[in-house]
Each structure stands twice: as C-alpha cells, then as structure tokens.
Amino acid sequence: MKLPTFLAKPRAKAAILNLCVASSLALPVHLVYAGGDQSELPRRLADAKISLTEGISRAGQLQGLPISAKFEMEGKDLHLSVYTAKQGRAVAAENNELIELSGNASTPAWQPEKEIFSDKPHIARAAMQLTVIQQSKLGLLELLKKSAAQHQGTIYSITPDVQNGKPAFKLLILGAQGKTSESWIDLDGNRLAQ
C-alpha cells in the first residue's frame, strides 16, 4: 500500500511522532506500560498468590538471569511476567537466549509458560534491558528489595530503561486507594529525584 505523499515529508512524520508521544504521556501509567486494557490491574493485584520477589527468584532458578518483572492483565487474568537472559550477565544479548516466563499469578501455583523471543520488538526490548542490568553490580531481586524500603506501596513492576540519558530502573507502584505511580532508581537501587 502506498502512503499518501504528505506522510513522506519529514515535517509531517515529526508532527505525527510528536502527537503520538504527547498522546501517550496523557494516559495513566497503568494503561500505558503493558499491552491491552490494564485498568483492572490495581484492583486485581490483591488476587496474586505469588509476590514479585518470589516470581523473580523462581524465574532465576528456572531460566537464568532475571532482567525485568511485572504484573499485568492478560485478558481477564492477572499474570506475572519475568524476562530472563538464559546465559546470564556476562554474555552479550546477541549471544544470549532472551526469554519470557509468564503465567497466571492468581492460581495457587505460578506455572509460567516459556517463550524464547524471536520477534524483533521483544528481542530489542529484552536486549536493552539486559544491557542496562549488566551495568549494575546488583541483580534484579537485590534492586527490588533495596528500592522497596524507599517507596510506600507495592512495587508491581521493575523494568530496566533509560532515564535522563542514563541507565536506570522504572518502578510502577500501587499506593493508597488503588492509585498507581511511577518512580525511578539508579543502578545501585537508590531512588532518583523526579
């Protein structure tokens, strides 16, 4: 399909990109961070039979170095998703097996399904996350435990990312009255000023 000629112009592309970014910034945190409708997530977190720390620990035992973890809604089910790098911290992303372990978090036993990433978006995201965690001396579990003492509420997502041009970890937190918020920690697990 041929695009209209006005979309091929650099100014039009930049304007569309700016509009998309601005639109996404106006959405609540819990609706943007995961695919699909996440509006039930704050209410459903109480249904979890596994904690984020337990999921990270278990994923590490099953499939290598945990590089990110989050609770999210998959349709009507509460899921826990943990990305791992099978060959660990010392192996570059292009030589590592990048995996997602995801399963229903509201059942008595978390039984995640394993997906080895083969699509470009997942590989790119997981490779960036591995690169960020390789910069830290701490593992995901240690970062989560250290940051929990600095935040009020329940951390339900920890994701390596870039904040103000530096490697960091984005936390999503459920606070009082079901309000969600976002916070950032550095490579040592210290809270960043916002």
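This short report walks through the fold of a predicted model, from its overall makeup to the pairing around one strand.

## Overall makeup

Let's start with the parts list. The protein holds seven helices and seven strands. Reading from the N terminus, the order of elements is α-α-α-α-α-β-β-β-β-α-α-β-β-β. In words, five helices lead, four strands follow, then come two helices and finally three strands.

## Burial, surface and contacts

Of the 194 residues in the protein, 40% count as buried. The exposed area comes to about 11,000 Å², and carbon and sulfur atoms supply 55% of that area.

What about links across the sequence? Take the contacts between residues at least 6 apart in sequence: 50% of these join residues at least 24 apart.

## Strand β5 and its partners

A handy place to look in the viewer is strand β5, residues 154–163. Strand β1, residues 65–74, runs antiparallel to β5, and two bridges join the pair. Strand β6, residues 166–174, is also antiparallel to β5, here with nine bridges.

Ile158 makes a good landmark in β5. Ala69 stands opposite Ile158, and Ile158 also stands opposite Leu171 in β6.

## The turn between β5 and β6

β5 and β6 form a hairpin with two residues between the strands. Which backbone feature does Asn164 show in this hairpin? Asn164 takes a positive phi, near 55 degrees. To find the spot, follow β5 to its end at residue 163 and stop before β6 begins at residue 166.

Key
Residues are numbered from 1 along each chain as its sequence is written. This is a predicted model: local features need pLDDT of at least 70, side-chain atom pairs count only at pLDDT 80 or more; totals for chains, interfaces and linings use all residues. Side-chain values use heavy atoms; hydrogens and water are left out. Two strands pair if DSSP finds at least two bridges between them. Buried means under 20% relative accessible area, exposed over 50%, partly exposed in between (1.4 Å probe, protein chains only). Contact means heavy atoms within 4.5 Å. Accessible areas come from the Shrake-Rupley method with a 1.4 Å probe; for residues, only the protein chains shown count as cover.
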